[in-house]
Amino acid sequence: MGDMANSSVDFYPKNQRRELNHAGGFGCTLAELRSLMELRGAEAIQKVQETYSDVNGLCRRLKTSPTEGLSDNTADLEKRRQIYGQNFIPPKKPKTFMQLVWEALQDVTLIILEIAAIISLGLSFYSPPGEESEACGNLSGGAEDEGESEAGWIEGAAILLSVICVVLVTAFNDWSKEKQFRGLQSRIEQEQKFAVIRNGQQVQIPVAELVVGDIAQIKYGDLLPADGVLIQGNDLKIDESSLTGESDHVRKSVEKDPMLLSGTHVMEGSGRMVITAVGVNSQTGIIFTLLGAGGEEEEKKDKKAKKQDGAVAMEMQPLKSAEGGEMEEREKKKASVPKKEKSVLQGKLTKLAVQIGKAGLVMSAITVIILVLYFVIETFVIDGKTWLAECTPVYVQYFVKFFIIGVTVLVVAVPEGLPLAVTISLAYSVKKMMKDNNLVRHLDACETMGNATAICSDKTGTLTTNRMTVVQSYLGDTHYKETPDPSNLTPKTLDLLVHAIAINSAYTTKILPPEKEGGLPRQVGNKTECALLGFVVGLRRDYQPVREQIPEEKLYKVYTFNSVRKSMSTVICMPDGGYRLFSKGASEIILKKCTNILNSNGELRAFRPRDRDEMIKKVIEPMACDGLRTICIAYRDFPAGKEPDWENENDIVIDLTCITVVGIEDPVRPEVPEAIRKCQRAGITVRMVTGDNINTARAIAAKCGIIQPGEDFLCLEGKEFNRRIRNEKGEIEQERLDKIWPKLRVLARSSPTDKHTLVKGIIDSTIGDQRQVVAVTGDGTNDGPALKKADVGFAMGIAGTDVAKEASDIILTDDNFSSIVKAVMWGRNVYDSISKFLQFQLTVNVVAVIVAFTGACITQDSPLKAVQMLWVNLIMDTFASLALATEPPTEALLMRKPYGRNKPLISRTMMKNILGHAVYQLIIIFTLLFAGEVFFDIDSGRNAPLHSPPSEHYTIIFNTFVMMQLFNEINARKIHGERNVFDGIFGNPIFCSIVLGTFGIQIVIVQFGGKPFSCSPLNAQQWLWCLFVGFGELVWGQVIATIPTSHLKCLKEAGHGPGKDEITDEELAEDEEEIDHAERELRRGQILWFRGLNRIQTQMEVVSTFKRSGSFQGAVRRRSSVLSQLHDVTNISTPTHVILSAANASAGAGNPRSESVP
């Protein structure tokens, strides 16, 4: 618990904290009020009586009036904010751009690159003495020419440039993402208002402006914005499940339990409360603080605070119910463990990095060994020289040069453009997803979504419009399938109906004109009541005059709706001194109390039990089968004279006369069935999890296409679901769950716990060859655990609570299911973009490695010079990652099944393309290397004497190489063996401009690069040949596409996901923290990452650009050996910051695990 985010005390500056200790002129201190709000029921009442005598005493101490409220005195309000805090929970202080840059620089690989660059720069300005000493053997053996030594600094500078590039892109991405999210949050917060009494008038003020001492009006449907004590209440019931997890509503009254908590919902009744705690001191604020949402202090303060925090966290336990306590504990545990980074892609990239790293290391080691042996044998054996002391610097220089050639090979082997490609691809997707109503909070969620195999969706508001409407009615002995024409109804029936609906509903429920022209009317308040008022409007009547005639104060008695009554009744006084009761509620309940019904003439007709049975069979059941909720509206007249006993409800709500039965529907969003069809075609199972009854749920599921007739599926209620998955002791058994979830399509009447159980069960399931990747939608505070547990949690931007948003990965700004399908499309696109980039990148790498390796071994000099390699390696990498990572998604992505966790990144088709193009390029380059001078009739560049100017021969080789890459970049746009590589190419302007831009820069380098780039200008004929050979790549691509992949069984795939056995071992070891295999490998170097984005960056730069700097052999070996041993890591304790220092790096050769842990 010591790691918990700071206690709320830490939110105040020190000078303010002193002020908090005395009450600043008020009769209660902040601490007193906070401890008061932690009590419940009898304890709370006792405390109020002991300290303040009663609630009015508390109001007096807080200098407020229970009836008049606070005055609008600005100074007084400001003073209250000073002492008791403001009613807003400070978000984490956003990190500044420089902080983000600094964090991006913490990446181990980038640190290694920086050091490599500095060493490389140092070496370029240093020339060892004794270079001309004849006695030390001839210097032509592959010594670098003058141009290369002059341009040595370019290399180091270029590496630094690439590092700066990666860091700035990363930091900027994070910064803009954070800004977007904050923008959305503040927009949402400004829209929330609450009713308070100021100067005796009821006013609506923004929630953030509430202060301690305000008198707030609360009513059915409110989400309480602050903690308070009830002053007066009517039949008030609160849903505290968001804080305690208790689903039963808690009855609140001044005598029994007056404590009202922020973040809880008013489910029934109304009342007034005096606000006693706001912002970080309210119960929700305390939880948010514990979850770390409240501004976290800097790390140095953290360390100091840790000891006291433990104690504070214990004191601040805001929940006294056992279940709540557990939930709180769980939340705390979650807060201390960073959000599980569960990216499939990361696992595969890490694995691929290890494989490439090993291959590169082997190649570079062989190169160095061959060069050293060649030199030693030639110098000391063939020439018979002896090792002289004064020659040592010269020989060392040779060995360093050989080592640098080795590192060149290694550097070329590792695709360091990959972190950039991943970053750009994700950042681009996230930006575009914003337009598709997906606000991505954790970057890797975007890519995980592409692998989703299951979606558990809410019903209300996500699959449906959350606009209740009356679609069928039974009025005057007729069953109408649409709104009846008022002329068909008798005036008496119509009048009764309008009065029954207008009066017997909360007066806060209204139908307002649409915000935009042509839009639907706005529904305010209870959705069911809005549907009934909409029915009145549909009958061309107005409910407002009725309400003005009988205002709320004139209502004689109200029996508010609750879950036990399942009905609501209102009594009004009639002009003749009698009373009339209007009642509405669930049809099966009200009809039992009806003894009469209005017939087609508006007259009473007896309604016997057998009439009722017939009505249920002919009207109510057909409505329920259409997915409608049935509501019965009835009334009863009491004669003047003797007043009934209103408290005896059972004698009052009886002998009713039925006016109508209506069927209410929450219609399915028109775009949802198509979206669900797309999901199913894409291999994603959609399940509906709802609190509604099973009939309605099943009907809606059928309308959406979640269940299809003739399919084998299960629709269960929460109770039945729990009965089937639990053993005799009531524990959940995975085997039982595994029998149910594959067929389960609808879970009705489910609690948030059921949702969490289902999600956890599907994720933990081991049946099937793939682990399921589950996405979940949620809007309520109580959906938090399920959203956190899911691989991707979607929160609703409009209907969602703050807690749900905090727990989610993606926020749907339009609350619409079809936006989830767009997220799947983008996720798959990210995956494909990375694959395209890999296909292109690895072709370049295979060719460059083999050319550098054979060139060095045969001619002791690489045909591609170091600076040329750098241009090919870095710039082509960066540009290509931009070009290939920004391909827009197409609908075709949804026509295939998810790749799953175990599918390799590099498929057989891609492997065929990589090797096929590599063969073509190698044949061309070696032909040019060994026969080019004859073909072009120029001087040979091989074995050129020292300090000779750059040769046309080697320039042609370099130019041809680059041209082939450019044309191959177009081939790389397709990874599934499609023939038309130009398909949609003009839809991606970035791609076109990059290919043309690279071509332009290449012309400049060749014609004007001179010595720094070891280039000699070429004539038009030579240029045309280079272009012709490059264009041959496209033709060759068609040849490769003709070869069926199925015949190439010998090709191996690469970049598999973590294997099954690895996962299970590791999950046993680390079940608590749920770190999956990919993260386990990544953790070593990257705990310092901020949010999801930067994590992606490290993967592939593994041994990256130590650009030919001698003293880095240690680091190279060390890093690779650590990587190769990462598979053996079985237990990583709580993450610690791993910092790789330069000293360690060079010392690390002998000790593969020397990591410094602060």
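K755 is buried, with a relative accessible area of 4%; here buried means under 20% relative accessible area, exposed means over 50%, and partly exposed covers what lies in between (1.4 Å probe, protein chains only). The structure you are looking at is a predicted model, in which local features need pLDDT of at least 70 and side-chain atom pairs count only at pLDDT 80 or more, while totals for chains, interfaces and linings use all residues. Residues are numbered from 1 along each chain as its sequence is written, and side-chain values use heavy atoms, with hydrogens and water left out.

**Charged pairs**

Let us stay with K755 for a moment. Its salt-bridge partner is D458, which is also buried, at 9% relative accessible area. A salt bridge is taken as a side-chain nitrogen of Lys or Arg within 4 Å of a carboxyl oxygen of Asp or Glu. D458 sits in the loop between β9 (454–457) and β10 (469–475), and K755 belongs to helix α28 (residues 752–764), so this pair ties together parts that are 297 residues apart in sequence. Helices (H or I, at least four residues) and strands (E, at least two) are DSSP runs numbered from the N terminus.

The search of the whole structure gives 26 salt bridges, including the three in this table.

| Salt bridge | Closest N and O atoms |
|---|---|
| D458 with K755 | 2.6 Å |
| E887 with R973 | 3.0 Å |
| E671 with R669 | 4.0 Å |

The bridge between E887 and R973 joins distant parts of the chain: E887 is in the loop between α32 (866–885) and α33 (908–936), and R973 is in the loop between α34 (952–971) and α35 (989–1008), 86 residues apart. E887 is buried at 4% relative accessibility, and R973 is buried at 1%. In the E671 and R669 bridge, E671 is partly exposed, with 28% relative accessible area, whereas R669 is buried at 14%. There is also a network of salt bridges that links E720, R723 and R724.

**An open sheet**

The protein chain holds 41 helices and 26 strands. Eight-stranded and open, one sheet runs in the order β8-β26-β25-β24-β9-β21-β23-β22 with mixed pairing; two strands pair if DSSP finds at least two bridges between them. At its edges are β8 (438–440) and β22 (714–717), each pairing on one side only. On average, neighbouring strands of this sheet are turned by 20° against each other, direction ignored.

Inside the sheet, β9 pairs with β24 (residues 774–778) in the parallel sense over 3 bridges. C456 has V776 of β24 as its bridge partner. Helix α26 (residues 718–725) packs on the sheet, where it touches β22 and β23 (744–748), and its direction makes about 100° with that of β22. Axes are lines fitted to C-alpha atoms, for helices over the stretch in contact, and angles run from 0 to 180 degrees between N-to-C directions.

**The chain and its surface**

Of the 1158 residues of the protein chain, 57% count as buried. Contact means heavy atoms within 4.5 Å; among contacts between residues at least 6 apart in sequence, 76% join residues at least 24 apart. The accessible surface comes to about 47,800 Å², with 58% belonging to carbon and sulfur atoms (Shrake-Rupley method, 1.4 Å probe).

I369, L373, I377, V381 and I382 make a nonpolar surface patch of about 500 Å². Patch residues have over 30% relative accessible area and no salt bridge, with nonpolar side chains (Val, Leu, Ile, Met, Phe, Trp, Tyr) joined within 5 Å and like charges within 9 Å. V381 lies in helix α14 (residues 344–382) and is exposed, at 58% relative accessible area.
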